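Open the model in your viewer and keep the selection panel at hand. The stops below say what to pick and what is there.

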Amino acid sequence: MAKQSVRYVCQSCGYQSVKWKGRCPSCGEWNSFVEELVERGKILRVSTQAKVLSIDSWDEDSGERRSTGFENLDVALGGGLVPGQVVLIAGEPGIGKSTLLLQVSERYTRYGKVLYVSGEESGSQIAVRGRRLGISSQKILLYPETLFENVLEVLEQEEPSLLVIDSIQTLYSEKLESSAGSVSQVREVTFRLAEVCKEKGVPCFIVGQITKEGAIAGPKVLEHIVDTVLQFEGERYNFYRVVKVVKNRFGSTGEVAVFRMGDFGLEEVPEPSAFFIGERVNSPGSVVFPHTEGSKPILLEVQALVLPALYTTPQRKTQGFDVNRLSLLLAILEKEANVFTRDSDVFVNVAGGLSVKEPAADLAVALAIASSKKDKTIPEDTVIFGELGLSGEVRAVHFGDVRLREAQKFGFKRAIVPSSISMEVEGVEVVPVSNLREAVEALL
Ligand code: TYD
Ligand code: MG
């Protein structure tokens with residue numbers, strides 16, 4: 001066995017030391033050193049049997065893909081799970097990670113046994129959830145264990161077709177002295193898990209709890225070790241859940257799968273647009289924005305509420321939209337379209353709880369604000385998209401065609417779009433605008 005030693009690495013700059021230090025001598029960061037286990041000579045997993053072949057002679061992936069049992073999740077993953085694929089699924093507590101993985105486990109039993117390792121909940125707690133979901137299969141092996149070396153042993157004995165680790169923060173290796181959940185433990189255990197799963201060709205789901213700051217397992221170190229990172233998002237008190245593919249070595253990133261949390265677990269939502277605009281009431285301040293997640297279009301309702309300020313400092317509050325971007329849009333609205341909100345409170349909400357980060361939403365948000373301010377309704381059958389520049393110009397955005405076709409599919413009759421788009425879509429009047437003022441005049 002190769003000689004193992006312990007070193008301390010600054011999580012801020014990567015400086016290494018044989019002793020723990022309170023302050024990094026290289027970057028000056030305090031309390032940034034964590035223990036790390038090194039095996040001499042082993043830095044990366046390099047197979048001695050690696051072949052050198054020209055790019056066109058390599059197969060696309062290393063084996064057949066297997067279904068997770070959820071069609072939308074398979075599509076988002078690029079066609080199912082690849083043998084030995086290690087998938088990190090990250091999300092806040094209570095969002096539904098364990099529920100999803102128990103459901104996937106049941107559907108995966110068609111390929112053989114599933115080993116579900118839980119350090120978070122006891123076997124009977126999981127069994128209770130299983131009963132609620134109507135799951136009781138002899139092929140799902142529940143293993144409430146936190147010592148990693150034991151998990152490896154059971155993995156060896158049982159030879160499951162799928163491994164679930166719920167969660168990585170609860171597992172620890174006896175080789176390290178630091179406690180479970182520490183950076184070095186999480187990193188060490190994930191690294192060795194990935195190695196074993198690759199060797200055996202067993203795919204593995206690893207649950208990662210998200211910290212308050214939104215980081216996965218503290219630092220983002222895990223993301224480099226695993227093949228795929230899924231981000232589980234949604235409002236805890238809302239029904240919908242979105243699983244976003246943040247990283248994928250076996251498919252494209254940015255893909256999403258939309259679910260609905262019901263009384264009997266998660267159900268796929270094959271038509272997210274219908275779901276998100278389903279409860280819309282057309283009134284001043286409401287606009288439909290054809291959003292894209294990856295290449296998937298989702299129609300969303302953007303709502304704005306503008307009213308006289310309650311205090312001397314007007315409030316700007318958002319849900320699902322960047323508040324700094326809102327300030328910028330308010331400045332552009334004032335300067336370029338004579339829509340004044342400096343004495344008003346402004347609230348922006350993306351209905352359904354999804355958060356929108358793409359600048360293509362600028363024009364829709366700006367017009368929702370103008371619509372509320374002027375107390376005029378934007379026609380119900382209209383969708384709006386486009387990025388706004390600082391001088392009020394409407395800029396081109398990606399996936400114009402995808403957005404327009406989604407609008408067409410849901411019966412929208414008019415689309416306010418950047419002037420660079422000159423597409424014809426049957427049944428939809430495409431109205432190109434070159435600046436914000438033009439858009440405000442066309443609609444309000
Ligand atoms: P859970 O999967 O335990 O979340 P996580 O593992 O991400 O912490 O459960 C999330 C929530 O979902 C929990 O508050 C209860 C709720 N829930 C339902 O609404 N319906 C169901 O069928 C189940 C199993 C859970
Ligand atoms: Mg859980």
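Select P25 and everything in contact with it. Beyond the neighbours within four places in sequence, P25 touches Y15 and F33. Color those two residues and keep P25 in view. P25 sits in the loop between β2 (16-17) and β3 (33-39). Now pick the C-alpha atoms of P25 and Y15: they are 8.3 Å apart, with these positions 10 residues apart along the chain. This is a predicted model, so treat every value here as computed from it.

Zoom out and color by domain. The protein chain splits into domain 1 (3-40), domain 2 (66-270) and domain 3 (276-443). The stop at P25 is done; the next two are loops.

**Two backbone stops**

Select E159. Its phi is near 45°, a positive value in a residue that is not glycine. E159 belongs to the loop between α4 (148-158) and β7.

Move along to D166 and S167. What kind of peptide bond joins D166 and S167? The bond is cis, with omega at about 0°. S167 lies in the loop that runs between β7 (162-166) and α5 (183-200).

**Where domain 2 meets domain 3**

Show domain 2 and domain 3 together. Their C-alpha centres lie 37 Å apart. Domain 2 brings 10 residues to the contact, and domain 3 brings 11 residues. The area buried between domain 2 and domain 3 is about 830 Å². Carbon and sulfur atoms give 51% of that area.

Which three residues supply the most of what domain 2 buries against domain 3? Select Y240, K244 and V256: they supply 44% of that area, more than any other three residues.

Stay on K244 and add E293. These two residues form a salt bridge, and their closest N and O atoms are 3.5 Å apart. The count of salt bridges between domain 2 and domain 3 is one. Turn on polar contacts across this interface. Two residue pairs qualify, both at pLDDT 80 or more.

Next, color the strands on the domain 2 side. β10 (240-248) and β11 (256-262) each supply at least two residues of the side that touches domain 3. β10 gives the most, with three residues. Recolor that side by residue class. You should find four nonpolar, two polar and four charged residues.

**Strands of domain 2**

Keep β10 and β11 selected. They pair in the antiparallel sense over five bridges. To see one pairing, pick R241: its bridge partner in β11 is F259.

Add strand β12 (residues 265-268). β11 and β12 run antiparallel and are joined by four bridges. Pick M261 and look across to its bridge partner in β12, L266. How many residues does the hairpin from β11 to β12 pass through? The hairpin joins the two strands through two residues.

While side chains are displayed, scan along a strand. In a regular strand the side chains alternate between the two faces of the sheet.

**Strands past the interface**

Select strand β13 (residues 286-293) and strand β14 (residues 296-308). Eight bridges pair them in the antiparallel sense. Find V288: it stands opposite E301 in β14. Follow the chain from β13 to β14. The two strands form a hairpin with two residues between them. G294, in the turn, has a positive phi of about 65°.

Last, add strand β16 (residues 344-350). β14 and β16 pair in the antiparallel sense over seven bridges. Select V306 and then its bridge partner in β16, V346.

To finish, bring back K244 and E293, the salt bridge between domain 2 and domain 3. Leave β10 and β11 colored beside them, since both supply residues to the side of domain 2 that touches domain 3.

Notes:
Residues are numbered from 1 along each chain as its sequence is written. Chains are lettered from A and ligands numbered from 1 in the order in which they are written. This is a predicted model: local features need pLDDT of at least 70, side-chain atom pairs count only at pLDDT 80 or more; totals for chains, interfaces and linings use all residues. Side-chain values use heavy atoms; hydrogens and water are left out. Domain bounds come from an automatic or database domain assignment. Contact means heavy atoms within 4.5 Å. Buried area is the accessible area (1.4 Å probe) that two parts lose on being put together, summed over both. A salt bridge is a side-chain nitrogen of Lys or Arg within 4 Å of a carboxyl oxygen of Asp or Glu. A polar contact is a pair of N or O atoms within 3.5 Å; within protein, one must be able to donate a hydrogen and the other to accept it, and residues adjacent in sequence count only if both atoms are side-chain atoms. Ala, Val, Leu, Ile, Met, Phe, Trp, Tyr, Cys and Pro count as nonpolar, Asp, Glu, Lys and Arg as charged, and the others, Gly among them, as polar. Two strands pair if DSSP finds at least two bridges between them.
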